[in-house]
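Work through the following exercises with the sequence and the model side by side. Each one sets a task and then solves it step by step.

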Amino acid sequence: MMNSKFNLIDLTIQEEALENVVKRAKERGIVIPTLAQMKNPALIPDDVKEKLKEVGLWDIDPVNLYRITWHNEPTETGGSFNGANYMVLPEEITGVKAKVIALCGKWFPTGAHKVGAAFGCLVPRLVTGQFDPTKQKAVWPSTGNYCRGGAYDSALLSCDSIAILPEGMSSERFEWLEKVAGETIKTPGSESNVKEIFDKCWELRNSGEDLMIFNQFDEFGNYLWHHEVTGAAIEEILNQEMTEGQRFRGYISSTGSGGTIAAGDYLKKLYPTSKIAASEALQCPTIYSNGFGEHRIEGIGDKHIPWIHNVKNTDMAVAIDDEAPMNWIRMFNEPEGLALLKENGVSDEIIDQLSLVGISGAANIISAIKFAKYFELTENDVVVTILTDSIDMYQSRLTELNEERGAFTDKVAYGVMERYFKGINTDYIKELSYRDRRAVHNLKYYTWVEQQGKSYEEILAQWYDDNYWLDIPKHAEKLDRLIEAFNEKVKAL
């Protein structure tokens, strides 16, 4: 039984529209995976696994819905499933004794885990008939990867889609969207300019078009997907990686839409003494100091606190100078940088994996290192962070950096090593007291109550009613039953 009076994930059935959705799914050969199958691919039927042997990871094929999981075999075509994809960063890179683990998002369809968040927002509306892809357009507001995931899911449904993202994002995102999204809208600014995206959403709402906006920043399906799927993947990795006597100390995630960091809520239930650290750009330190500005850590979003971010459960803020991840991606991808890493003892096995790190992934790793140094963690301690995507999304940025700054020579590599690797320290870290967290939570008022129509009553409930956040995961089982019922209707049609 749900305890919160707020209907955070609406699973009310709309029978008439649901008939249209079922027919569309039948036409397109769509079978929807459950959250349980995304957590444990052993539950996926054998016939699905056989079909996947002939399908590329990025192919717009409905069977790829089953690849919205952390457990894909790391191959571009025909892969099956294995354990969750992750890498362990060695001390030669991190400079700390603690074990730093990073989940790898490259092996999702579209090359980023945001396709999971898009699934979490779309599917509850789909299997209830609240969204009718035969009549409505799907709108995906984003600072990058989320709208690509939404456009991908929409293409599987033969549904018209509108992707919204800032004009300053990397060219790779726009080039891919041109092939997949029905329409792409570029809003002013870069990753920090989220309000401009929200303004465009209001313009579309008032346009008279029949559309539905899947706003990752306030859709609790995003929170639910990461809590259940990402959280469970991390639990699996920890069970595999932690040896006797080791302790899980913290989960570090950039806040973005507030979805990925929800995995920390899952982990705190298993490891109550662990901490959740929110990473953000020093150039736009919204949590760290109520700050604002432009930055280059693409995709994480700023200048507001997402509605679905459980701030009361966040223990600290870590602000990262965006120069650090920009130099990290050069070190990880230029020949002189790789040579220096090898000279410093980094193994060929790890060097082969460094292309899995994108800009926000580098920022997350740096935040994890700062976390480990701040708490003086030892070889008995484990921390986990996230690689949202890979360098595949940022090859154009590497080219731009070389054009702006010149070649990445061995001398430049040595300077980067000393300043941005060995020079990582504990500056710009803020442990959040009860009052600090309340102050951050209060920032939601200006975005969500004043501008976006949320209620004063609900923003108070987010802080004072513990059941508000505890009830969201209770929707997982009911959603899975609705997915199974939907698939049965499609099969019977």
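**Exercise 1.** Find which residues line the second largest cavity of this predicted model, and decide which helix gives the largest share of that lining.

*Solution.* Begin with the list itself: Ile-30, Ile-32, Leu-65, Phe-119, Leu-122, Val-123, Leu-126, Asp-153, Leu-156 and Leu-157 form the lining of the second largest cavity. Next, sort these residues by class, which gives nine nonpolar residues, no polar ones and one charged residue. Then look for the elements behind the lining, where helix H5 (114–127) and H6 each supply at least two residues, and H5 has the largest share with four. Finally, note the space enclosed, which is about 80 Å³, and that the count of cavities of 30 Å³ or more comes to six.

**Exercise 2.** Describe the sheet that contains strand S3, and explain why one side of S5 and of S6 has no neighbour in the sheet.

*Solution.* First write down the order of the strands, which is S5-S4-S3-S6 in an open sheet of four strands with parallel pairing. In this order S5 (183–187) and S6 (211–213) stand at the edges and have a single partner strand each, so one side of each remains without a neighbour in the sheet. From one strand to the next, the twist averages 20°. Now take one pair in detail: S3 (residues 137–141) and S6 run parallel and are joined by three bridges, and Ala-138 stands opposite Met-212 in S6. As a last step, add the helix that packs on the sheet, namely H6 (residues 145–156), which touches S3 and strand S4 (161–166) and whose direction makes about 165° with that of S3.

**Exercise 3.** Determine whether the residues of strand S2 are buried or exposed, and trace the partners of this strand.

*Solution.* Start with the strand as a whole: S2 (residues 99–104) is mostly covered, with six of its six residues buried. Then separate the two faces, where Lys-99, Ile-101 and Leu-103 lie on one side and Val-100, Ala-102 and Cys-104 on the other, and both faces are covered. With strand S1 (residues 86–89), S2 pairs in the antiparallel sense over four bridges, and Tyr-86 stands opposite Leu-103. With strand S10 (residues 381–387), S2 runs parallel and is joined by six bridges, among them the one between Cys-104 and its partner Leu-387.

**Exercise 4.** Set out the volume and the lining of the largest pocket and of the second largest pocket.

*Solution.* For the largest pocket, begin with its volume of about 460 Å³. Of the 23 residues that line this pocket, Leu-8, Arg-125, Asp-218, Glu-219 and Lys-454 are the closest to its centre. Two or more lining residues come from each of H5, helix H8 (194–205) and helix H9 (220–241), and H5 gives the most, with four. Sorted by class, the lining divides into ten nonpolar, six polar and seven charged residues.

For the second largest pocket, follow the same steps. Its volume is about 390 Å³, and 19 residues line it, of which Val-31, Pro-45, Val-48, Tyr-66 and Asn-487 lie nearest its centre. Helix H3 (46–52) and helix H22 (475–492) each supply at least two residues of this lining, with H22 giving the most, namely five. By class, the lining of the second largest pocket has nine nonpolar, four polar and six charged residues.

Note on methods: Residues numbered from 1 in each chain as written. Predicted model: local features only at pLDDT ≥ 70, side-chain atom pairs only at ≥ 80, totals over all residues. Heavy atoms only, no water. Pairing = 2+ DSSP bridges. Axes fitted to C-alpha atoms, helices over the stretch in contact; angles between N-to-C directions. Contact = heavy atoms within 4.5 Å. 1 Å grid on protein atoms, 1.4 Å probe; cavity = no way out; pocket = protein on both sides within 12 Å on 5 of 7 lines; lining within 4 Å. Points joined across faces, edges and corners; volume = space filled by probe spheres on them. Nonpolar A, V, L, I, M, F, W, Y, C, P; charged D, E, K, R; others polar. Buried < 20%, exposed > 50% of the residue type's maximum accessible area, 1.4 Å probe, protein only.
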